[in-house]
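Please walk me through this structure in the viewer, one selection at a time. For each stop, say what to select and what is there.

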Amino acid sequence: MAQTAGILADRAIRALLDGGRLMTPRPLDPDQIQPASLDLRLGVKAWRVRASFLPGPGNTVESKLGRLALHEIDLSDGAVLETGCVYIVPLLESLALPAGIAASANPKSSTGRLDIFTRVMTDYGQEFDKIAPGYTGPLYLEVSPRTFPIIARTGSRLSQIRFRQGHALLDESELSELHRTQTLVASDTPNVSGGGIALSIDLKGAGDNALVGYRGKHHTAVVDVDKRAMHEVHDFWEPLYNRGSADLILDPDEFYILVSRESVHVPPDFAAEMTPFDPLVGEFRVHYAGFFDPGFGHSASGGAGSRAVLEVRSHEVPFILEHGQIVGRLVYEHMLERPETLYGSGLGSNYQAQGLKLSKHFRAPSEILRL
């Protein structure tokens, strides 16, 4: 039986464009439509603002910018966005959604791994990253680099959007059954609760002295968000190793790249999203939620053994993170139809079959020197 509620796949996203429901002043990039999402592109200018804000009922983003903008920045040829600053960027894409279609946004995987905080806003919006059914109007992106200053330009893709019809989320009984038949996470005793299936942290790696993560350095050079394999790892990251204790003290205001203990699988007829674990169980959080497209970790599209890379921060106090500790949950949603192309199948997907992996911007060293 055909799905009546679910995430729109690549074919339906193209139909939104063809039908005038998704608008852009220039053609989409060839790889901009993903199996279950659309990458969003920065427009021609940005405003540095005094503080983050939501427009709220009765206000457009532009009207708020009139009061809060400090100065305007031309992105046409690229510009540096500094750490600790907040920028608002009109996106090239705008929407005229049908009444039954809503959307949500998230940072792209590479954006999260660079510790760039991004959130999509709409006119009259009261929530970040949520687009109401039937919304018609422009889209704006709040951008705030946290660890590294970045170079971005018109057309840079930092965020992505998913379109959904109806309530597509699997409940816990459906999730347990799907795991039984499809093995969503590589665990003999899956923790299904809170509407999702738990992921835990790997702090052992392959054994003693194994690489288990990275900590971002401060006062670095800029990262060009559109250049692959451009930067040396050691100029931006401090490698972290298993010294036998299988735990890690998270320092406040530091940014860590870690990896899940479990491999993750997203079957072709489903999409997934990482949600932060309950903050009441510890003073840390997985900093960026993330979309997992259909086919991630799917053996038929080259993804057997794909693990989830986690961007982690402590809160106000140091916190000891231990091997096997739960750090997040995956929630799964139905697709309205199977995508024409799965994640990792001819898309140039950067993170299929991944283990611990930095973003695509860094050159993978043949060997990282031990500290």
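Select H219 in this predicted model. At 82% relative accessibility, H219 counts as exposed, because the cut-off for that label is over 50%. H219 sits in the loop that runs between strand 16 and strand 17. Its backbone is worth a look: phi is positive, about 60 degrees, although H219 is not a glycine.

Now go to D129, for a second residue that is not a glycine but has a positive phi, here about 65 degrees. D129 belongs to the loop between strand 9 (116-122) and strand 10 (130-131). Is D129 buried or exposed? With a relative accessible area of 13%, D129 is buried.

**The three-stranded sheet**

Return to the loop of H219 and follow the chain into strand 17, which the loop joins to strand 16. Show strands 6, 12 and 17 together: they form an open sheet in the order 6-12-17, and the pairing is mixed. Strand 6 (79-81) and strand 17 (223-224) are the edge strands, each pairing on one side only. Between strand 12 (residues 150-152) and strand 17 the pairing is parallel, over two bridges. To find the register, select I150, which stands opposite V223 of strand 17.

**Strands 16 and 19**

Next, colour strand 16 (residues 211-216) and strand 19, which run antiparallel and are joined by five bridges. Pick G216; its bridge partner in strand 19 is W237. Strand 19 covers residues 237-241 and is mostly covered, with four of its five residues buried.

**The aromatic cluster**

Keep W237 on screen and add F148, Y214, F236, F255 and F362: ring pairs link these six residues into a cluster. The whole structure holds seven aromatic pairs. In one of them, F148 and F236, the ring centres are 5.4 Å apart and the planes are at 85 degrees, so this pair is edge-to-face. The two rings come from distant parts of the chain, 88 residues apart: F148 from the loop between strand 11 (136-145) and strand 12, F236 from the loop between strand 18 (231-232) and strand 19. F148 is buried, with a relative accessible area of 0%, and F236 is buried too, at 3%.

Then measure from F148 to W237. This pair is also edge-to-face, at 5.2 Å centre to centre and 80 degrees between the planes. F148 lies in the loop between strand 11 and strand 12 and W237 in strand 19, so the pair ties together parts that are 89 residues apart in sequence. Both F148 and W237 are buried.

**The nonpolar cores**

W237 leads on to the largest nonpolar core, which has 50 residues. Which of its members touch the most other members? They are L38, L95, I131, L139, I161, F163 and W237. Strand 7 (residues 86-96) supplies the largest share of this core, four residues. The core takes at least three residues from each of domain 1 (6-165) and domain 2 (172-334). Another core, of 32 residues, lies apart from it; L178, V266, V312 and V327 are among its members.

Go back to L139 and display its contacts. Leaving aside neighbours within four places in sequence, L139 is in contact with L40, V89, P90, L91, E93, L95, V120, M121, T122, I131 and I161.

**Helix 1**

Select helix 1 (residues 10-18), where the buried residues are D10, I13 and L16. Why do these three lie on the same side of helix 1? Because they cover an arc of only 110 degrees around the axis. They pack against strand 2 (22-23), strand 3 (38-41) and strand 13 (157-165). Just after helix 1, select G20, which has a positive phi of about 80 degrees.

**Last stop: E72**

Finish with E72, in strand 5 (residues 69-74). E72 is exposed, with a relative accessible area of 51%. Not counting residues up to four places away in sequence, E72 touches K45, A46 and W47. A C-alpha to C-alpha distance from E72 to K45 should read 6.9 Å, for two residues that are 27 apart in sequence.

Notes. Residues numbered from 1 in each chain as written. Predicted model: local features only at pLDDT ≥ 70, side-chain atom pairs only at ≥ 80, totals over all residues. Heavy atoms only, no water. Pairing = 2+ DSSP bridges. Buried < 20%, exposed > 50% of the residue type's maximum accessible area, 1.4 Å probe, protein only. Arc of directions from axis to C-beta. Contact = heavy atoms within 4.5 Å. Core = buried A, V, L, I, M, F, W, Y, C linked by side-chain atoms within 4.5 Å. Domains from an automatic or database assignment. Phe/Tyr/Trp six-rings, centres within 6.5 Å; stacked < 30°, edge-to-face > 60°.
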